[in-house]
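Here are my notes on this one, as numbered points. Have a look at the structure first, then read on.

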Amino acid sequence: VQIKALNVNDDLRTRESARRKALWTLSHLIPGDPKAAAILDVLDGIEDQERVDLNRRRGNYSDEGVTLL
């Protein structure tokens, strides 16, 4: 159980680091910069992974709004 918790914390730490780097990079772009799309994709990916992890912790696995048991 402790190993699993460490992995979750490592994942959280890694995601938070990636999120901060993406936000920092985004803050240096001017509005309308085409580079922003790739950075927003990174942020969306982080959010999607957090949603998946939250569903796993709750014991629900959903796909396209359908909960599978």
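1. Which residues of α2 are buried? They are A36, I39, L43, I46, D53 and N55. So that you know what you're looking at: this is a predicted model, and α2 (residues 36–58) is the element with the highest mean pLDDT, at 90.

2. Does the length of α2 add up, and what should we expect of its span? With 23 residues at 1.5 Å each, the helix should span 33 Å, and its end C-alpha atoms are indeed 33 Å apart, so the two agree. Right after α2 comes G59, which has a positive phi, near 85°.

3. On the overall layout, the protein has two helices and two strands. Reading from the N terminus, the order is α-α-β-β.

4. Confidence varies along the chain. The protein's average pLDDT is 79, and 71% of the residues score at least 70. At the bottom of the ranking of elements sits strand β2 (residues 66–68), with a mean pLDDT of 46. I'd flag that one when you go through the strands.

5. The start of the chain also deserves a remark. Over residues 1–6 pLDDT stays under 50, and the model gives this stretch zero contacts beyond four places in sequence.

6. Finally, burial and surface for the whole protein. Of its 69 residues, 14% are buried. The accessible surface is about 5,900 Å², with 58% of that belonging to carbon and sulfur atoms.

Methods. Residues are numbered from 1 along each chain as its sequence is written. This is a predicted model: local features need pLDDT of at least 70, side-chain atom pairs count only at pLDDT 80 or more; totals for chains, interfaces and linings use all residues. Side-chain values use heavy atoms; hydrogens and water are left out. pLDDT is the predictor's confidence in each residue, from 0 to 100. Helices (H or I, at least four residues) and strands (E, at least two) are DSSP runs, numbered from the N terminus. Contact means heavy atoms within 4.5 Å. Buried means under 20% relative accessible area, exposed over 50%, partly exposed in between (1.4 Å probe, protein chains only). Accessible areas come from the Shrake-Rupley method with a 1.4 Å probe; for residues, only the protein chains shown count as cover. The expected span of a helix is 1.5 Å times one less than its number of residues.
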